[in-house]
Amino acid sequence: MKVGDLVRHAPTYSTPLVGVRVGLVVDLIQKKCWRTMEKGKKVDWNAIDPEPHAVVLYPHNAGTINIPVVELEVVDESR
């Protein structure tokens, strides 16, 4: 994944809009993300490392959204 790619949320949980809306990657950053389903509800920021996030611009939003790269898939523009 790189800046300029078109992406959509990869299907992970049952959400009606997952995989439907396409956004544009405008930046790549490192952030910490606490995954409650895996690590539990007691947050300990020292126990995790930063992971890559994409800063994504969607046409239906007023601004950008930071989304973990593992939750995105690049749209194949050749199809």
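I count a contact when heavy atoms lie within 4.5 Å. With that in hand, I looked up Val56. Val56 touches Val7, Gly23, Leu24, Gly63, Thr64, Ile65, Ile67 and Leu72, once residues up to four places away in sequence are set aside. I note that the model is a predicted one.

**Overall layout**

I went through the elements next. The chain holds 1 helix and 5 strands. Read from the N terminus, they run β-β-α-β-β-β. I then checked burial and found that 24% of the 79 residues are buried. The chain exposes about 5,700 Å². Carbon and sulfur atoms supply 54% of that area. I also looked at contacts with a separation of 6 or more. Of these, 46% join residues 24 or more positions apart.

**The sheet**

How are the strands ordered in the sheet? I read E4-E3-E2-E1-E5, an open sheet of 5 strands with antiparallel pairing. Strand E4 (64-68) and E5 stand at the edges. Each has a single partner strand, so one side of each is left without a neighbour in the sheet. I noted the twist as well: neighbouring strands are turned by 40° against each other on average, direction ignored.

**Strand E1 and its partners**

I followed E1, residues 6-9, to both sides. Towards E2, residues 23-31, the pairing is antiparallel over 2 bridges. Val7 has Gly23 as its bridge partner there. Leu6 stands opposite Leu24 in E2. Towards E5, I found 3 bridges, again with the strands antiparallel. On that side the bridge partner of Val7 is Val74.

**The core**

Which residues make up the largest nonpolar core? I listed 7: Val7, Val25, Ala54, Val56, Tyr58, Ile67 and Leu72. As background, nonpolar side chains tend to be buried together in soluble globular proteins. I went back to the contacts of Val56 with this list in view. Among them are Val7, Ile67 and Leu72, and these three names also appear in the core.

**Asp5**

I stopped at Asp5, in the segment before E1. Is Asp5 buried or exposed? Its relative accessibility is 11%, so Asp5 counts as buried, the cut-off being under 20%. I searched for a polar partner of its side chain. A polar atom of the Asp5 side chain lies 2.9 Å from the backbone nitrogen of Lys2. Beyond four places in sequence, Asp5 touches Gly23, Leu24, Val25 and Val74. I marked Val25 in that list, a member of the largest nonpolar core.

**Val75**

My last stop was Val75, in the segment after strand E5 (72-74). Val75 has a relative accessibility of 15% and therefore counts as buried. What does Val75 contact outside its neighbours within four places in sequence? I found Leu6, Val7, Arg8 and Val22. I also took the spacing between Val75 and His9. The two are 66 residues apart in sequence, and their C-alpha atoms are 9.9 Å apart in space.

**Recap on Val7**

I kept returning to Val7. Val7 bridges to Gly23 in E2 and to Val74 in E5. Val7 is listed in the largest nonpolar core. Val56 touches Val7, and Val75 is in contact with Val7.

Definitions and conventions: Residues are numbered from 1 along each chain as its sequence is written. This is a predicted model: local features need pLDDT of at least 70, side-chain atom pairs count only at pLDDT 80 or more; totals for chains, interfaces and linings use all residues. Side-chain values use heavy atoms; hydrogens and water are left out. Helices (H or I, at least four residues) and strands (E, at least two) are DSSP runs, numbered from the N terminus. Buried means under 20% relative accessible area, exposed over 50%, partly exposed in between (1.4 Å probe, protein chains only). Accessible areas come from the Shrake-Rupley method with a 1.4 Å probe; for residues, only the protein chains shown count as cover. A nonpolar core is a set of buried Ala, Val, Leu, Ile, Met, Phe, Trp, Tyr and Cys residues joined through side-chain atoms within 4.5 Å. Two strands pair if DSSP finds at least two bridges between them. Axes are lines fitted to C-alpha atoms, for helices over the stretch in contact, and angles run from 0 to 180 degrees between N-to-C directions. A polar contact is a pair of N or O atoms within 3.5 Å; within protein, one must be able to donate a hydrogen and the other to accept it, and residues adjacent in sequence count only if both atoms are side-chain atoms.
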